[in-house]
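Visitor: I'm new to this structure and would love a close look at one part of it. Could you walk me slowly around a single helix and its surroundings?

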Amino acid sequence: MSIKLENISYVYSPGTAYEHHALKDVSLEIPQGQFVGIIGHTGSGKSTLIQHLNGLMKATSGKLIYEGQNIYEDGYDMKKLRTQVGLVFQYPEYQLFEVDVLSDVCFGPKNQGLSKEECEKQAREALELVGFPEKYYKQSPFELSGGQKRRVAIAGILAMHPKVLVLDEPTAVLTPQEVDELIATLKNLKEQGKTIIVITHKLREVMELADSITVIKQGKVVGNVLKKDTSERELAQMMVGRDVVLTVNNARKQQVESEIMYKAENLTTVNDYGKEVVSDMSFEVHKGEILGIAGVEGNGQSELVKLMTGLMESTRGTVFFDGEDITN
Ligand code: ADP
Ligand code: MG
């Protein structure tokens with residue numbers, strides 16, 4: 001088993017004002033049992049690329065060879081391809097249904113025509129494989145944490161016994177602990193001989209997991225390296241196209257010394273349910289400075305931005321803009 005992409009190009013909205021060449025002449029071979037990392041900046045074409053792997057998207061030109069057969073040939077069994085190459089989307093919500101976890105994971109095998117007992121057996125095995133606790137089997141997947149939802153989405157694909165597992169940015173919205181747990185799960189799956197393709201832009205993860213790494217930039221493959229022959233720095237260099245310094249130690253020293261444009265003091269607000277979502281935030285943004293706000297989803301960063309732009313009101317604290325008190 002192998003997947004081979006030969007000169008794949010993909011154009012969104014061809015012939016219109018929105019025409020966009022998202023993939024340009026991409027050739028790539030994924031041998032059986034390999035763990036392949038695909039990295040690249042946002043918008044470089046990663047999601048577009050992987051949706052070609054199971055036939056969800058059809059290339060504008062080029063060939064995709066799966067197990068020696070061109071999948072674009074007339075009469076090719078796309079249903080077989082879709083079950084053998086399992087795709088887990090970036091946002092697990094898209095793959096979950098409003099039932100309970102176990103029924104959710106049973107959905108795929110049921111679609112494959114298996115009996116209720118067989119479905120449940122495969123679903124339970126898959127949930128166990130991803131380390132999902134049995135006590136939540138009857139819960140709605142929507143009530144789960146980001147990490148648990150991701151597990152259910154992966155189990156839903158694994159329950160169909162795919163030969164290849166493809167994951168689109170699986171760690172993007174997870175907490176550091178959930179990331180470590182997912183990495184352990186993926187290592188476990190790799191040991192069981194699965195071919196795994198993971199998209200990420202986190203270099204540490206790709207270095208920890210992958211056997212080989214493909215770097216994509218503006219729809220083109222700009223690097224194809226074995227993990228053992230590369231480094232985080234080299235990968236970053238390929239992604240950006242120039243040398244980069246992977247250190248933030250001197251960030252303090254580089255703080256902008258121009259006048260203060262925006263200043264928050266003890267900024268606090270509550271959400272619609274009365275929960276305090278931003279608590280006593282104090283910070284300054286200087287003229288010409290770029291302030292990054294980082295945090296795992298659900299920790300108040302979007303509320304903070306709404307507060308800063310006046311879309312939400314504060315319950316406490318003061319805000320100055322260009323020297324003027326603009327609090328609420
Ligand atoms: P990545 O997953 O690396 O962030 P994508 O594959 O999602 O990148 O997108 C690649 C490029 O194609 C981006 O420039 C994006 O804006 C564009 N694109 C994605 N989806 C569409 C679409 N439906 N129509 C037009 N352009 C799109
Ligand atoms: Mg993407």
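Guide: Here is a short tour of one helix, its cysteines and a patch beside them. This is a predicted model, in which local features need pLDDT of at least 70 and side-chain atom pairs count only at pLDDT 80 or more, while totals for chains, interfaces and linings use all residues. Residues are numbered from 1 along each chain as its sequence is written, and side-chain values use heavy atoms, leaving out hydrogens and water.

Our helix is α3, residues 101-111; helices here are DSSP runs of H or I with at least four residues, strands are runs of E with at least two, and both are numbered from the N terminus. Buried residues of α3 include Val101, Leu102, Val105 and Cys106, where buried means under 20% relative accessible area, exposed over 50% and partly exposed in between (1.4 Å probe, protein chains only). Among the elements covering them are α4 (116-129) and α5 (146-158). After α3 comes Gly113, with a positive phi near 90°.

Now to the cysteines. The whole structure has zero disulfides, a disulfide being a pair of cysteine sulfur atoms within 2.5 Å. For Cys106, the nearest cysteine sulfur belongs to Cys119, 5.6 Å away. Cys106 has a relative accessible area of 10%, so it counts as buried; Cys119, at 1%, is buried too.

Finally, look at Phe97, in the loop between β6 (85-88) and α3. Phe97 counts as partly exposed because its relative accessibility is 34%.

Terms used
Chains lettered and ligands numbered in written order. Contact = heavy atoms within 4.5 Å.
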